[in-house]
Amino acid sequence: MKLATVILAAGFGTRMRSELPKVLHPVAGRPMVEWAVCLGEAVSQLPPIVVVGHGKERVQALLGQRVEYAVQSELLGTGHAVRQAEHLLRGKADAVLVIYADTSLLQVATIQNLITLFENNHTQPDFAMAMLTVVRDDAQGFGRVIRNAAGEIQEIIEEVDCTPEQKAITELNPGIYCFDNEWLWDNLSKIPLSKKGEYYLTDMVGIATAQNRKVATTLAPLEEVNGINTRVHLALAEQVIRRRINEKHMLAGVTLIDPETTYIEDTVEIGSDTTVLPGCLLQGNTRIGANSQIGPHSQIIDSEIGNYCRITYSVMEKARLEDHCEIGPFGRLRPGAHLAEGVHMGNFGEVKNSYLGPGTKMGHFSYIGDTHIEATANIGAGTITCNYDGQKKSKTVIGKDVFIGSDTLLVAPVTLGDHAMTGAGSVVTKDVPANTLVYGVPARQANRNDATLASDSPNVDVTHDE
Ligand code: UD1
Ligand code: MG
C-alpha cells in the first residue's frame, strides 16, 4: 500500500504565548515538528508533506529538503490545512496519514496499528477512513467522539460546540487519521465553516457516516496522545520522553543514579557501564564511551567523550576528550577543546580551541585558549594564555614535557620548546627555546647551563604540582 503522510504544522500556537512558532519548541531537545517528521519517515517511504503557514520560513529552515511542503497562507483550520496538500497527493497514493505536529509522544507502533486497521478495512468499497481514539476523564479540550446506540462512530464534535451531555463523553479525538486517498480529496471541500470560522478536519467523520461509509477506530495508549498546546503540556511531554530515553539507556547498560534528574536528549549515545550521576544534561550530538562517569551536575553539549573518563561538576560544549581524561570539579571546555588520552584538568580550568596532548596535567585555575600542547606538559596553577590583544587572537605552542610554573602569563603568539620551564609568576613575551628556564617579568632566560637544565629536569614530575 502506498502511504503518504501529511503533518499539520501551520497553526499559530497561540496558547504557547511565544515568539517562536509552537511546532519549533523543542521537546527533549528536538523541535516538536521533527518528532512528527521522524514518525512519518518511519512508516512511509514517501517524504512527509509538512503543511506550513505561521513561521513557515523558520520551519522550512529547520527541515530543509528532508520533507515536501504545502503552504497554508490563511490559517483556516485543520481541514483547510490538509487541502493545501491535494495537488501533491491526488492520484499519487492509496492512503494519507494525517498527524498534527503537536503530538510528539506518539510512537511508531501506535501508528502501525492504525495503518494495519486501515489495511484490514481498505478493501471494502464503502470504507473511508481509520482513526485513533482515546479514553480519558480529563478531556483537555479534545474533540469528543460521538457514537450511535450500536456503538458505531458518528462524528466528532469540538469542545466549543459540545452540549453539556457531549462534554461529559470521555472518548476523545487525539487527531491521528488515515484516509482513503481519493475519498479524502473528493470530500474535503464539503467541510462546512465552523462557528469559529475554521474548517475542522474532524468533520470528515460526520461526512463519511452521512454517506454510509465506514470509519474504523482503535484505541491509542493514553500517554502517547497528549497534544502540546501550552507550556504546561510541553513540560509533561518532556517528562514522558525523558523517561523513555532514560529507560532505553538503562536497558542498554548505562547506570543512571537518579533518572528523575538526568536529562538526556534523544540524539545522545552512551557506552555501557558508564554511570551518569544526578543533575546532568547530555545534549545534542554527544557521544560518550564506556566505563566513564559523568556528573554530578554536568552539562555536555555536542561533545565526544572517550572510555574511562570522569567529568565532575563541569560544562563541555563542542569539545572532545579521548580515553582516561579527568575534568573538574568545575571545569569548562569550550568549542574546539580537544584533550588527548590521560589529560587531567582539575578545578576551575577553562580550555577553548586548543589541543592538550596526551598526559598533560592542568590542575588548578587556568585558561588555555588557541593553544597546542604537544604532550605531558605540566600547566601550573593560575596559568593564562593571553591569546587576545584587543584586536586579534594569537596562538600559543607548548612543546613536550614543558613545565609551566604557577601564575605564568603566556603572551601569544609565543612558542615554548620541548622541556622548557617557566618560573612562578613569569610573563612570557618571547619564544622560549627547548630545554630553557625563563622567569620574571618580562620573562628572561635563567643564567643556567642549558645542558644541566636538560639533564636536571627531563622527567619533571607533572603529577606533583599540588
Ligand atoms: C485538534 C482537533 C481536536 C483534537 C486535538 C488533539 C481539529 C479541529 N481539532 O484540536 O479534535 O482533539 O487536535 O490534539 O482538528 N494547524 C494548521 N493549520 C490550521 C490550524 C491548525 O496547520 O489552520 C495545525 C497546528 O499547527 C497543529 C495542528 O494543526 O499542529 C492542530 O491544531 P491545534 O490548534 O493544536 O488543534 P487543537 O485545538 O489541539
Ligand atoms: Mg493541539
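## A tour from the ligand outwards

Start by selecting ligand 1 and the residues around it: 23 residues make up this shell, and Gln72, Thr78, Tyr100, Glu158 and Asn173 come nearest (a residue is near if one of its heavy atoms lies within 4 Å of the molecule). Before you go on, note that this is a predicted model, in which local features need pLDDT of at least 70 and side-chain atom pairs count only at pLDDT 80 or more, while totals for chains, interfaces and linings use all residues. Residues are numbered from 1 along each chain as its sequence is written, chains are lettered from A and ligands numbered from 1 in the order in which they are written, and side-chain values use heavy atoms, with hydrogens and water left out.

**Stop 1: the ligand and its contacts**

Colour the shell by class and you will find eleven nonpolar, eight polar and four charged residues. Here Ala, Val, Leu, Ile, Met, Phe, Trp, Tyr, Cys and Pro count as nonpolar, Asp, Glu, Lys and Arg as charged, and the others, Gly among them, as polar.

Now show the polar contacts (pairs of N or O atoms within 3.5 Å). Pick tyrosine 100: an N or O atom of its side chain is 2.7 Å from an oxygen atom of ligand 1. Arginine 15 places a polar side-chain atom 3.2 Å from a ligand oxygen. At alanine 101 the partner is a polar backbone atom, 3.3 Å from an oxygen atom of ligand 1. Of the 750 Å² of accessible area that ligand 1 has on its own, the protein covers 90% (areas by the Shrake-Rupley method with a 1.4 Å probe).

**Stop 2: the largest pocket**

Hide the ligand and look at the space it takes, which is the largest pocket. A molecule sits in a pocket if more than half of its atoms lie within 2 Å of the pocket's grid points. On a 1 Å grid over the protein atoms alone, a pocket is an open set of points with protein on both sides within 12 Å along at least five of seven lines, a cavity is a set where a 1.4 Å probe fits but cannot get out, and lining residues have an atom within 4 Å of a point.

The volume of the largest pocket is about 1,100 Å³, counted as the space filled by probe spheres set on the points, which are joined across faces, edges and corners. Its lining has 37 residues; select Arg15, Thr78, Lys196, Glu198 and Asn229 to see those nearest its centre. By class, the lining has 15 nonpolar, 15 polar and seven charged residues.

**Stop 3: the second largest pocket**

This pocket has a volume of about 320 Å³. Its lining has 13 residues, with Trp35, Leu106, Gln107, Arg244 and Asp266 closest to the centre. Select α1 (32–43) and α9 (231–251), each of which supplies at least two lining residues; α9 gives the largest share, four residues. Helices (H or I, at least four residues) and strands (E, at least two) are DSSP runs, numbered from the N terminus.

**Stop 4: a cavity**

The whole structure has two cavities of 30 Å³ or more. To find the second largest, select Gln140, Asn226, His233 and Leu236, which line it; about 30 Å³ of space lies inside.

**Stop 5: backbone details in the loops**

Proline 413, in the loop between β38 (409–411) and β39 (414–416), follows a cis peptide bond from alanine 412, with omega near 5°. Another cis bond joins valine 441 and proline 442, with omega about -15°. Finish at phenylalanine 365, in the loop between β31 (361–364) and β32 (367–369): phi is positive there, about 45°, although the residue is not a glycine.

Definitions and conventions: Polar contact = N/O pair within 3.5 Å; in protein donor to acceptor, adjacent residues only side chain to side chain.
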